[in-house]
Amino acid sequence: MLSVGSASGSSCMTVLLQVRDLTVTYRSRNRGTLTAVAGVSLDIHEATTLALIGESGSGKSSVARAICGLTMVESGAIKIDECDLPREIDPASAAGQHGIQIVFQDASSSLDPRWPIWKSVSEPRRARSRSSSAEHRRAAVSLLNRVGLPASFADRRPHQLSGGQRQRVTIARALAADPRIVILDEAVSALDVSVRNEILALLDELKRERRLTYLFISHDMGAVAQIAGDVAVLYLGKVVEAGRAETVIRHPLHPYTRALIAAVPSIHPERRRCATQAIGEPDDPANPPSGCRFHRRCPYVIDRCRSDEPARREYDFRDIACHRAEDIKKLTANA
Ligand code: ADP
Ligand code: MG
């Protein structure tokens with residue numbers, strides 16, 4: 001496997017978060033057994049940002065929840081600094097003890113509506129230290145300032161804030177736990193473009209300042225292109241392409257990645273015309289197709305794709321799981 005996560009420096013950087021062959025399965029009465037994550041491997045190096053991208057239902061949040069101990073791991077391993085994380089569902093605070101914090105899309109549901117903002121921000125700190133209430137408040141105000149909110153926000157309630165301001169509050173709360181890894185699960189997806197860009201700029205500053213490592217989960221290619229050093233593309237619970245962002249986003253090879261990028265005119269206006277479009281709706285993860293999971297939607301499908309599952313392999317400076325990678329490279333070389 002190509003070492004995804006080395007974008008910002010040398011390949012000898014420390015792997016901080018390692019995910020190996022992660023499988024997450026849900027059992028429900030109406031859909032039966034559903035393998036939402038089917039053998040995902042990722043390496044994230046310290047102080048880098050790995051974006052995990054894919055359509056809704058591809059298993060991104062399941063990867064995030066498994067890393068945080070919020071979802072049971074069926075098989076595989078998750079390591080931080082080479083220490084195994086438990087595979088069982090953990091109490092809510094356990095991920096925090098391992099230096100992991102998660103920020104979700106919907107800030108209003110992750111903040112207690114009855115609490116003043118400072119109390120939400122200081123929650124992880126209060127759980128760890130017995131300082132006085134005044135000291136917790138002071139620390140919370142300082143974090144609010146750091147994320148661009150004035151002290152006067154400390155006593156407001158979540159409903160008095162805009163979506164962007166609430167997301168700043170949840171970022172401040174994540175920082176209060178002094179994390180090493182922050183998982184941003186669609187954290188900017190609900191925001192309009194100018195607010196989104198401000199939050200992305202803030203995340204970038206915080207990352208440099210605190211040597212943070214991000215797992216940036218998004219279906220928004222524009223945001224990914226701005227923030228990520230490395231990219232892994234997920235389709236129906238499998239990584240289909242992974243590598244440095246400039247390789248995968250500027251020169252996508254997997255037909256699914258090509259289709260995702262073609263849908264975002266701002267990234268490559270010139271490429272849009274010739275990019276191949278995926279056909280039809282995503283398949284059902286409860287009933288994935290045989291062979292390559294993408295074959296029913298793939299414009300390059302051949303018989304082999306219907307029967308043989310492509311292995312993830314290194315080709316053309318990236319990892320790719322596609323039987324036709326070499327052909328697609330040739331066919332699209334002059335496009
Ligand atoms: P994404 O974040 O990429 O949209 P998810 O990880 O949320 O993907 O979901 C992957 C698949 O798992 C989807 O088909 C979803 O319906 C299913 N799923 C997610 N959570 C559960 C759950 N708690 N129980 C049953 N199925 C689930
Ligand atoms: Mg999700």
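**Close-up views of a predicted chain**

**View 1. Tyr235 lies under cover.** Tyr235 has a relative accessible area of 2%, so it is buried; buried means under 20%, exposed over 50% and partly exposed in between, with a 1.4 Å probe and protein chains only. Please keep in mind that this is a predicted model, in which local features need pLDDT of at least 70 and side-chain atom pairs count only at pLDDT 80 or more, while totals for chains, interfaces and linings use all residues. Residues are numbered from 1 along each chain as its sequence is written, chains are lettered from A and ligands numbered from 1 in the order in which they are written, and side-chain values use heavy atoms, leaving out hydrogens and water.

**View 2. Aromatic rings meet around Tyr235.** The structure holds 3 aromatic pairs. In one of them, Tyr235 and Phe294 sit edge-to-face, with 5.1 Å from centre to centre and 85 degrees between the planes. This pair joins distant parts of the chain: Tyr235 belongs to strand β9, Phe294 to the loop between α11 (269-272) and α12 (303-307), and 59 residues separate them. Rings of Phe, Tyr and Trp (its six-membered ring) pair if their centres lie within 6.5 Å; planes under 30 degrees apart are stacked, over 60 edge-to-face, and the rest tilted. Phe294 is buried too, at 1% relative accessibility. Together with Tyr256, Tyr235 and Phe294 make up one aromatic cluster.

**View 3. Val233 has many neighbours.** Stay with strand β9 (residues 230-235), where Val233 is found. Helices (H or I, at least four residues) and strands (E, at least two) are DSSP runs numbered from the N terminus. Val233 is buried, with a relative accessibility of 0%. Which residues does Val233 touch, not counting those up to four places away in sequence? They are Ile53, Lys238, Val239, Val240, Glu241, Val248, Tyr256, Thr257 and Leu260, where contact means heavy atoms within 4.5 Å. Gly243 is 10 residues from Val233 along the chain, and their C-alpha atoms are 9.2 Å apart.

**View 4. Helix α1 is mostly covered.** In α1 (residues 60-67), 6 of the 8 residues are buried. You can pick them out as Lys60, Ser62, Val63, Ala64, Ala66 and Ile67. After α1 comes Gly69, with a positive phi near 75 degrees.

**View 5. Asp81 and Glu186 show a positive phi.** Most residues other than glycine have a negative phi. Asp81, though not a glycine, has a positive phi of about 50 degrees. Look for Asp81 in the loop between β4 (75-80) and β5 (83-84). Glu186 is another residue other than glycine with a positive phi, here near 55 degrees. The loop between β7 (181-185) and α7 (193-210) is home to Glu186. Is each one buried or exposed, or partly exposed? Asp81 is partly exposed, at 36% relative accessible area, whereas Glu186 counts as buried, at 10%.

**View 6. Stepping back to the protein chain.** The chain has 13 helices and 12 strands, and 52% of its 335 residues count as buried. Along its principal axes, the C-alpha trace spans about 70 × 45 × 45 Å. The radius of gyration is 21 Å, which agrees with the value near 20 Å for a compact globule of 335 residues; it is taken over C-alpha atoms, and the globule rule is 2.2 Å times the number of residues to the power 0.38. Among contacts with a separation of 6 or more, 64% come from residues 24 or more positions apart.
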